[in-house]
Amino acid sequence: MLTLLFDIDGTLINTGGAGGTALIEAFREDFNIDNPAKVPFSGCTDRGIGTNLFAQHGIDDSLENWQRLRDGYLARLPVHLSQRDGRVLAGVLRLLNQLKSLDTVAIGLLTGNLEEGARIKLSYFGLLEHFAFGGFGDEYRNRDGVAGAALTAAIQHANGSFDSGRVWVIGDTPLDISCARAIDAKVLAVATGMHPANELADLQPDLLLEDLTDTELVLNRLTTDT
């Protein structure tokens, strides 16, 4: 069984900034912070972003505060998705449809998004049906933890047919590459997010593409490389 673990933002979709806007708005309004500090978002988990925001403003990084931020974000996310000019990225839908027809391929998620946030985003763009399992950013403050969770979910989903030598992570950030290495997976890096191809190339992904439009090339590499 070939296992493919997809990142979401910058790899499958571009929300036009809806996710980040919803999260910062929730933090600003629900915690009465007029000017939230700028913290990294690219490749980070939602839980890790919350931790960094709390630290910058001297707020206790408690489960209660995290739940409050989480709920505020999820309530606002659908509103901001509808207000932004988001899109499915080039080649993604065709690739997913082709992969869906292959019964020897398991397609999952490896994302810093909350599981419910991922569901909301992928449902909005009509992609949710393609993904049967995944690792998410609800609890893990770093992407390596999410990668481990995604791998565990993939093994469970495979029901005895999992092949540890045939796992690929598909993502658009340096952290996608590094977390793939943490679980001994191969990496397809795409320059469809905030990081240009030359920056991604420095981390030596197994395959580097500008985007996913060449479906035949992508399928050939993912399904034949071992």
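In the predicted model, strand E7 (residues 186-190) and strand E8 run parallel and are joined by three bridges. Within this pairing, Ala189 has Leu208 of E8 as its bridge partner. Both strands belong to an open sheet of six strands, arranged in the order E5-E4-E1-E6-E7-E8 with parallel pairing. The edges of the sheet are occupied by strand E5 (134-135) and strand E8 (207-209); each has a single partner strand, so one side of each lacks a neighbour in the sheet. Helix H9 (residues 215-224) packs on the sheet, where it touches strand E1 (2-6), strand E6 (167-171), E7 and E8. The direction of H9 makes about 165° with that of E8.

A packing of two helices was also examined. The axes of helix H2 (residues 46-56) and helix H3 (residues 63-83) cross at roughly 120° and come within 11 Å, and the crossing is right-handed. On the H2 side, the contact is made by Asp46, Arg47, Gly50 and Phe54, while H3 contributes Asn65, Trp66, Leu69 and Tyr73. The residues of this contact comprise four nonpolar, two polar and two charged.

The structure holds zero disulfides. For Cys44, the closest cysteine sulfur is that of Cys179, and no bond is formed because the 12 Å between the two sulfur atoms is too far; a disulfide requires sulfur atoms within 2.5 Å. Cys179 is accordingly in no disulfide. As to solvent accessibility, Cys44 counts as partly exposed because its relative accessibility is 23%, whereas Cys179, at 0%, counts as buried.

Technical notes:
Residues numbered from 1 in each chain as written. Predicted model: local features only at pLDDT ≥ 70, side-chain atom pairs only at ≥ 80, totals over all residues. Heavy atoms only, no water. Axes fitted to C-alpha atoms, helices over the stretch in contact; angles between N-to-C directions. Helix = DSSP H or I, 4+ residues; strand = E, 2+ residues; numbered from the N terminus. Left-handed = near helix turned anticlockwise from the far one by under 90°. Contact = heavy atoms within 4.5 Å. Nonpolar A, V, L, I, M, F, W, Y, C, P; charged D, E, K, R; others polar. Buried < 20%, exposed > 50% of the residue type's maximum accessible area, 1.4 Å probe, protein only. Pairing = 2+ DSSP bridges.
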